[in-house]
Amino acid sequence: MAQQNTKKIGQRPVNKPVSKMDTLHDTWRVMKPFVHFSIKAMQVVAHALIFIVKNIPKPDDHKSKSKNDKVIKI
């Protein structure tokens, strides 16, 4: 015969103690999408900053590109 589990009023069920590994796995499962999003966002910001810094003209470039290097003597 099948055993019947009768619940008595006023009794709480016995809770299994939660281990630290279970807590860590649950925390990682919840935080994983946020971690991936923040990594991708930091990569976008870093690439944008590198692009901006690379495209800033250097002060020496303006002097060498000018076509009016001729000296006119009167």
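**A helix with a kink, and its exposed side chains**

Val 53 is exposed, with a relative accessible area of 58%. In this predicted model, Val 53 belongs to helix 1. The residue also helps to make a nonpolar surface patch of about 620 Å², together with Val 45, Leu 49, Phe 51, Ile 52 and Ile 56.

Exposure can be followed from this residue to the whole chain. The protein has 74 residues, and buried residues make up 0% of them. A residue counts as buried when its relative accessible area is under 20% and as exposed when that area is over 50%, so Val 53, at 58%, falls in the exposed class. The protein exposes about 8600 Å² in total, and 64% of this area is supplied by carbon and sulfur atoms.

The secondary structure is quickly listed: there are 2 helices and 0 strands. Helix 1 runs over residues 20-54 and so has 35 residues. From its first C-alpha to its last, helix 1 reaches 47 Å, which is close to the 51 Å expected at 1.5 Å a residue. Helix 1 also contains a kink of about 45° at Met 31. The proline Pro 33 follows shortly after the kink.

Helix 1 also holds a contact between charged side chains. How many salt bridges does a search of the whole structure find? The search finds 1. Its partners are Arg 29 and Asp 26, whose side chains meet at 2.7 Å, N to O. The two residues are 3 residues apart in helix 1, so about one helical turn separates them.

The partners of this salt bridge can be classed by exposure as well. Arg 29 has 59% relative accessibility and therefore counts as exposed. Asp 26 has 39% relative accessibility and therefore counts as partly exposed.

How values were computed: Residues are numbered from 1 along each chain as its sequence is written. This is a predicted model: local features need pLDDT of at least 70, side-chain atom pairs count only at pLDDT 80 or more; totals for chains, interfaces and linings use all residues. Side-chain values use heavy atoms; hydrogens and water are left out. A salt bridge is a side-chain nitrogen of Lys or Arg within 4 Å of a carboxyl oxygen of Asp or Glu. Helices (H or I, at least four residues) and strands (E, at least two) are DSSP runs, numbered from the N terminus. Buried means under 20% relative accessible area, exposed over 50%, partly exposed in between (1.4 Å probe, protein chains only). Accessible areas come from the Shrake-Rupley method with a 1.4 Å probe; for residues, only the protein chains shown count as cover. The expected span of a helix is 1.5 Å times one less than its number of residues. The bend at a residue is the angle between axes fitted to the seven residues ending there and the seven starting there. Patches are made of residues with over 30% relative accessible area and no salt bridge: like charges are joined within 9 Å, nonpolar side chains (Val, Leu, Ile, Met, Phe, Trp, Tyr) within 5 Å.
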